[in-house]
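Reader: I am new to this structure and would like a close look at one part of it. Please choose the part, describe how it is put together, and go on from there to whatever else is worth pointing out.

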Amino acid sequence: MEAALKETKAKTSELSGADLLLKALEKENVEVIFGYPGGAVLPIYDKLYDSKILHVLPRHEQGGIHAAEGYARISGKPGVVIATSGPGATNIITGLADAMMDSLPLVVFTGQVATGVIGTDAFQEADILGITTPITKYNYQIRDTKDIPRVIKEAFYIATSGRPGPVVIDFPKDLAAAVSEEPAEQDIFLPGYQPTTEPNFLQVRKLAEAVSRAKRPVILAGAGVLHAKASTLLKEYAEQQKLHIVHTLLGLGGFPAGHELFLGMAGMHGCYAANMALHQCDLLINIGARFDDRLTGNLKHFAPNATVAHIDIDPAEIGKNVPTHIPVVGDAGEALRQLIRQVGNPPEQDEWKETITSWKRDYPYHYENTDLLKPQKVMELLFEKTAGEAIVVTDVGQHQMWAAQYYQFKTADRWVTSGGLGTMGFGLPASIGAQFADPSACVVAVLGDGGFQMSTQELAVIAEYQLPIKIAIFNNKALGMVRQWQEIFYDARYSHSKNPVQPSFVKLADAYGIKGYEIHTEAEAHAILNEVLNDNEPVLLDFRVDGEENVYPMIATGKGIHEMVGVKK
Amino acid sequence: MKRIITMTVLNRPGVLNRITNLFTKRNYNIESISVGLTEQEGVSRMTCVIHVENDRMVEQITKQLNKQIDVLKVADISDQAIVARELVLVKVPVLPHNRSEIYSIIEPFRASVIDVSKDSIIIQLTGETEKIEAFIDLIKPYGIKEMARTGTTAFPRGNQRVSQQKAFSFV
């Protein structure tokens, strides 16, 4: 108490640790913080009271960090999070792991108990450095107030450069309160961190030569293209060399979906043309994807006859899952720029083009229309009525796959989804972050009824800021993807995948002062979407979709990428 | 197969934890790890002996280690001409009737006795892992009361007679 009194009387030329923190955040042009106060961060929150930086209060720390992820994905800037020590900090663990998997830049501050009691199992103490080491790109604990400006500068640099990722700064309470003269400026000191952005010229030339010789080339473009802001370059290169493009789940939007060279998404629920192209190609050019198992299927059958080229900013991704013949370490944009400059003759691939075109024509995504409201139909309507220009944020499960299949993204950075970690509860808070990143955009949160109920509390934030998010719940009264797997692989023994009790989502929305509609038929869907999509206010749409619908095509675990089931006959 | 990886790291809090964490996270099999200061202030050297199934795996480990922000330099020196040393301390019970027998084992290994008590001695031995193991095998029949090994630490030699250095694909 006495210390606190002394602190308020401190000379104005002296700054507390919390002052230094906020000063550093202003220097990094931070616009918004998603944070939740608590004991250990009280000195920081006292300074935030007067700060110009917008602070958004999620209703759960996990919601805060997912919002920061959505913000980072859309804005391209790091999401900033504050959580208190102990439970506050452990509540953001899922978000850190998610951001690490999907390479999203975050700078996360966790409160910590005072330095004098660290290690004594003090109230709300948790070993956050220990817990977060394997799921962060880097982490710090402040040990001396004079390091604060440098540590924060380094954190932002690490989070955003090279392969982006989350950085945690653990901030003991006494150091946030401790007052000192403003420390001398310290430079960034990271001698062990020098990401390669400029690719090796010889490797690029080798790749260009392989392209000119190829008979059946295909590009697999991942989120690395988006992080490098290289979608225009990708289009230029693909058109120059007449190369067909396949996207990963996270890469969607990197190449315009309506383009004649676009084949679609590949992977477990990818389309026939994309998967077959990966299986049959003789040259596979991976740009910024990491050959995730949900993409490759059984590695034995993945691109068995292809020369594999892999452009990645993270050298550790090259050769990790798939043996690579032409490794190119560097930024996707730089690599594409160099490739475009090589101006070789486009490869001769008439036969290949014909094959691909017939796959694309004969085996599109398909579903059978019945009297019940089909989730695929709802996705098609959402695409149509937003003219393909909305920001689509999803949760995880069947609806996520339908969104990826049926929403034809025209431009980059309109797609937010939890890919690598597959985090349920991600969608609603991530849509909040996306809307803060682009306030004028139409944001559609495509959720399942399961995932929605994992972060329902964030409706309060939507109501508080009147964020005009369109919450589309694909309500099948089940954990659809789990149910689908149980139907196919476990003799339809639906173990704990059907929700016996569900609240009325419309009434729930109403409780937060948000408009809501239950939608049972296609006609209703038409009418209500026409009515609400252009409104500048939040709305919750409870689509009562066919509960027995499955996601197809599908590659079962352990099967090769060409062994799809549920392809159109 | 066994590989020796050496690295220099920034001596920051938690750096050893980061490295061992990485081995756990990626499911790598580690035999020994030794850490110590170097001639450069703030820089430590780590030597890891690992077991891998193939070259691809060791390449992956090297890359993952390199990716760590506190890691300055990583090298797989197994195929180079190297000096590798390990130190072991062994406490062996001695009885009047076998004392000279034990000493006759110690001598050819150029091990030294660094502590003597009424009924036991502590032997110190430095050398390559194979030598240490050969010594332990010989001394075991006399009964080992306690033993502590430091794990291998290693350097490439000043002169590389044969250049068998593996080229890795990271640029």
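Author: The bounds of a domain, as the word is used here, come from an automatic or database domain assignment. The model is a predicted one. The part chosen is chain B, for which the assignment gives domain 1, residues 2-76, and domain 2, residues 84-154. Taken over C-alpha atoms, the centres of these two domains of chain B are 29 Å apart. The domains do touch: seven residues of domain 1 of chain B are in contact with six residues of domain 2 of chain B. On the domain 1 side, three strands of chain B each give at least two residues, namely S1 (2-10), S2 (29-37) and S3 (43-51). S2(B) gives the largest share of that side, three residues. By class, the domain 1 side holds three nonpolar residues, four polar ones and no charged ones.

Chain B also meets chain A. That contact draws on 20 residues of chain B and 21 residues of chain A. On the chain B side, the elements giving two or more residues are helix H1 (15-25), helix H2 (55-67) and strand S4 (71-76). H2(B) has the largest share there, with six residues. The chain B side of this contact is made up of seven nonpolar, six polar and seven charged residues.

From here the account passes to the partner. Chain A is assigned domain 1 (2-181), domain 2 (201-362) and domain 3 (375-544). The C-alpha centres of domain 2 and domain 3 of chain A are separated by 31 Å. Between them, 13 residues of domain 2 of chain A are in contact with 14 residues of domain 3 of chain A. The domain 2 side of that contact has seven nonpolar, five polar and one charged residues.

Within domain 2 of chain A (201-362), Ile219(A) can be followed in detail. Ile219(A) belongs to strand S9, residues 217-221 of chain A. A residue counts as buried at 20 or more C-beta neighbours, so Ile219(A), with 29 of them inside 10 Å, is buried. Setting aside residues within four places in sequence, its contacts include Ala238(A), Leu243(A), Ile285(A) and Ile287(A). Leu243(A) is 24 residues away along the chain, but the two C-alpha atoms are 6.7 Å apart.

Domain 3 of chain A (375-544) offers a pair of helices. The axes of H17 (residues 375-385) and H18 (residues 398-406) of chain A come within 9 Å and cross at roughly 45 degrees. That angle is therefore one that makes H17(A) and H18(A) oblique to each other, and their crossing is right-handed. In H17(A), the residues that meet H18(A) include Met379(A) and Phe383(A), and those of H18(A) include Trp402(A) and Tyr406(A). By class, this contact has six nonpolar, three polar and one charged residues.

Some backbone details remain. Most residues other than glycine have a negative phi, and most peptide bonds are trans. Asp413(A) has a positive phi of about 60 degrees and sits in the loop between H18 and strand S16 (415-416) of chain A. Asp491(A) also has a positive phi, near 50 degrees, and lies in the loop between helix H22 (480-489) and helix H23 (505-511) of chain A. Asp413(A) is buried, because it has 20 C-beta neighbours inside 10 Å; Asp491(A), with 8 other C-beta atoms within 10 Å, is exposed. Last comes a cis peptide bond between Tyr552(A) and Pro553(A), with omega about -5 degrees. Pro553(A) is in the segment after strand S20 (539-544) of chain A.

Note on methods
Residues numbered from 1 in each chain as written. Chains lettered and ligands numbered in written order. Predicted model: local features only at pLDDT ≥ 70, side-chain atom pairs only at ≥ 80, totals over all residues. Contact = placed C-beta atoms within 7 Å. Helix = DSSP H or I, 4+ residues; strand = E, 2+ residues; numbered from the N terminus. Nonpolar A, V, L, I, M, F, W, Y, C, P; charged D, E, K, R; others polar. Axes fitted to C-alpha atoms, helices over the stretch in contact; angles between N-to-C directions. Parallel < 35°, antiparallel > 145°, perpendicular 65-115°, else oblique. Left-handed = near helix turned anticlockwise from the far one by under 90°. Buried ≥ 20, exposed ≤ 12 C-beta atoms within 10 Å, placed from the backbone.
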